[in-house]
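Hi everyone, and thanks for coming. Please get the sequence and the 3D view up on your screens, and we'll walk through them together.

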Amino acid sequence: MPDTFADLALEVRSKNAGPFWVTMELFMRDAAGYALAADPEILNEDVVATLYEVRAEDVRFFRIPSLNVVKISFPRPIPQGSLRDRDIHAGQHHVPLAALAACGPEKPA
Amino acid sequence: MNTSPEAVRVLTPTGMLGAGFTQSTVDRGLTLGADVIAVDAGSTDSGPYYLGSGTAKTTAAAVARDLRILLRAAARAQIPLIVGSCGTSGTDSGVDWVAGIVEDILREESLALSVARIYSEQRAEVLTERLRAGKIHPLAPSGALDVSTLDGCSHIVGMMGHEPIEEALRAGADVVLAGRATDTALAAAYPLMAGMPPGPTWHAAKIVECGGQCTTNPRAGGVLATIDRTGFTIEPLDPDAACTPISVAAHMLYETVDPFRMREPAGELDVAAATYTALDPRRVRVEGSEFHPAEHTVKLEGARIAGHETMSFTAIRDEHILANIEDWAALLAKILTERVGQTLGLGDTDYAFDIRLYGHDAILGKLDPASRPAREVGVMLLVRAATQALATAVAKVANPLMLHLPTPDMDYLPSLAFATSPAETERGPVYEFVLNHVVDTVSPTELFRTAYRRANA
């Protein structure tokens, strides 16, 4: 089994950024883990769009090598507090990202 | 303030008034020379109910407990206390609710402090004129606003910047109770008034807004930011906690869409060039933060009623049903829809429901990467309709199904585990956020109204 981002991270978290956006951060343990998380061949707008069923053009990436952090923001697909919102603070939505294999589709570890 | 000081020290005891902090965290801040206490009392983070209903998420006793410590400290040190987004959403009722608590404490403690209340609630008619004049613009991902959306809101607030707070301080207020304000404006107002540069001031204000969140122990007490001409220094007030360059820089990530740029009413904070340096194991120096003035805008928040909800909750331990839980839930949805049509005569547009399988996939639904069978599953039925009576009627039609529905292949009726009697809980009115727009302003204080209550000598 290849490593997941959770395996290589100190923490993967998600949270509302205001009522209309959700934001996630991968706090990678070291520069090697960061290199995988920040590699656009492995983790990019299209991967996030597929994972969360959102539009790739709405996904924003921030790669911050000084912190070994990759931050990802996109508009909340389900309005906060609506009938079908099951995560009011969007605090559990990091799990699909954390469970992702930290390798590209063509590059099994 | 006649002469501009060399530095200004901002004490933030907690990220949320009512969340609690120790007396020692405040004492330590005063010992270190705090010039102002700033604390946030609100957020949209817990959803649209609090703005929609104009009620607070926090309980009065917890708010009073924190305020008593802060009011005593402000009086003792003769420094201002600034509270923002009073009553969770910053509605006028929220400001008055906190002001009532403050008045009781001032009387009980015989504290002679002047109190300013800054109201931030907006009238739909006024905003409609602005909208027609082309002065209201959407923020991503929202679209253009229409008048009916403004009219439909139960409450609309404007997020004030530092300007109305500074105006109240200049007018002599010892305690400023602000309606909806940006988290940062509370901590920025006093240093800006004292002549500190805006880049370091706004950046420091963002770092302190969640109290101990920027430290290595987020459950520790508050923090103290010392802002000066070239930057700011941040340190935790709990002697056992530490600020590190990583913990401070990482706080710019928290609950922000963009970790480098943040829009305030008066312009944009830009921390892309900021440097974070450890002064010692507990204190961090930050320099290089910039603030770019821009056309003044005020962000609007509004919520409207979206119906009434009734909830019912049962639970399943039977392994056969658990093995076929999605089929079971699909059958529940199908039969419930049929029964509601037969008994209540309701169609799709009259009501809506959500069946949530807690323990299976309630939180992430089809996004969930796991597929392990659950040991038990809690089944929440949430019904939304125009009236409470209708929502409850639908939930009651569901009741025999949530008690006895088998899977399609079972030839006997199971009895499932309701969690409570009665099974249904009426949740009352529910709301939705509908505004994500900014209004252009001529003056930074024009949308806000301030009332003063002088200290009893």
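Let's warm up with a question: how many residues lie between β10(B) and β11(B) in the hairpin that they form? Find the two strands in chain B and have a look at the turn. There are two residues between them.

Before we go on, please keep in mind that this is a predicted model. For the complex, the predictor reports an ipTM of 0.92 and a pTM of 0.95. Chain B has an average pLDDT of 96, with 99% of its residues scoring at least 70.

Back to our hairpin. Strand β10 of chain B covers residues 261-264, and its side chains alternate. M262(B) and E264(B) are buried and point to one face, whereas R261(B) and R263(B) point to the other face and are not buried. That fits a general pattern: in a regular strand, side chains alternate between the two faces of the sheet. The partner strand, β11, spans residues 267-270 of chain B; it runs antiparallel to β10(B), and four bridges join the two. If you'd like a pair to look for, R261(B) sits opposite D270(B) of β11(B).

Now let's follow E264(B) to one of its contacts. E264(B) is among the residues that G161(B) touches, leaving aside those up to four places away in sequence. The others on that list are T182(B), A185(B), P265(B), A266(B) and P444(B). You'll find G161(B) in the loop between β6 (155-159) and α7 (163-170) of chain B. Is G161(B) buried or exposed? G161(B) has 28 C-beta neighbours inside 10 Å, so it counts as buried; the cut-off for that is 20 or more. Here's a nice one for seeing how a chain folds back: G161(B) and T445(B) are 284 residues apart in sequence, yet their C-alpha atoms are 8.6 Å apart in space.

Let's zoom out to the whole of chain B. It is divided into two parts: domain 1, made of 7-120 + 160-296 + 441-453, and domain 2, made of 303-433. The C-alpha centres of these two domains of chain B lie 43 Å apart. Where they touch, domain 1 of chain B gives five residues and domain 2 of chain B gives seven. On the domain 1 side of that contact in chain B, three residues are nonpolar, two are polar and none is charged.

Over to chain A. Chain A has four helices and four strands, and from the N terminus they come in the order α-β-β-α-α-β-β-α. Its radius of gyration is 14 Å, close to the 13 Å that the globule rule gives for 109 residues, so chain A is as compact as a globular protein of that length. The C-alpha atoms of chain A fill a box of roughly 40 × 25 × 25 Å along the principal axes, and 39% of its 109 residues count as buried.

Last stop: where do the two chains meet? Chain A brings 33 residues to the contact and chain B brings 30. On the chain A side, the elements giving two or more residues are β1 (9-16), β2 (21-28), β3 (60-64), β4 (69-75) and α4 (95-98). The largest share, four residues, comes from β4(A). By type, this side of chain A has 15 nonpolar, nine polar and nine charged residues.

That's my tour, and I'm happy to take questions!

Technical notes: Residues are numbered from 1 along each chain as its sequence is written. Chains are lettered from A and ligands numbered from 1 in the order in which they are written. This is a predicted model: local features need pLDDT of at least 70, side-chain atom pairs count only at pLDDT 80 or more; totals for chains, interfaces and linings use all residues. Two residues are in contact if their C-beta atoms, placed from the backbone, lie within 7 Å. Ala, Val, Leu, Ile, Met, Phe, Trp, Tyr, Cys and Pro count as nonpolar, Asp, Glu, Lys and Arg as charged, and the others, Gly among them, as polar. Domain bounds come from an automatic or database domain assignment. A residue is buried if 20 or more other C-beta atoms lie within 10 Å of its own, exposed if 12 or fewer, and partly exposed in between; C-beta atoms are placed from the backbone. pLDDT is the predictor's confidence in each residue, from 0 to 100. Two strands pair if DSSP finds at least two bridges between them. The radius of gyration is taken over C-alpha atoms; the globule rule is 2.2 Å times the number of residues to the power 0.38.
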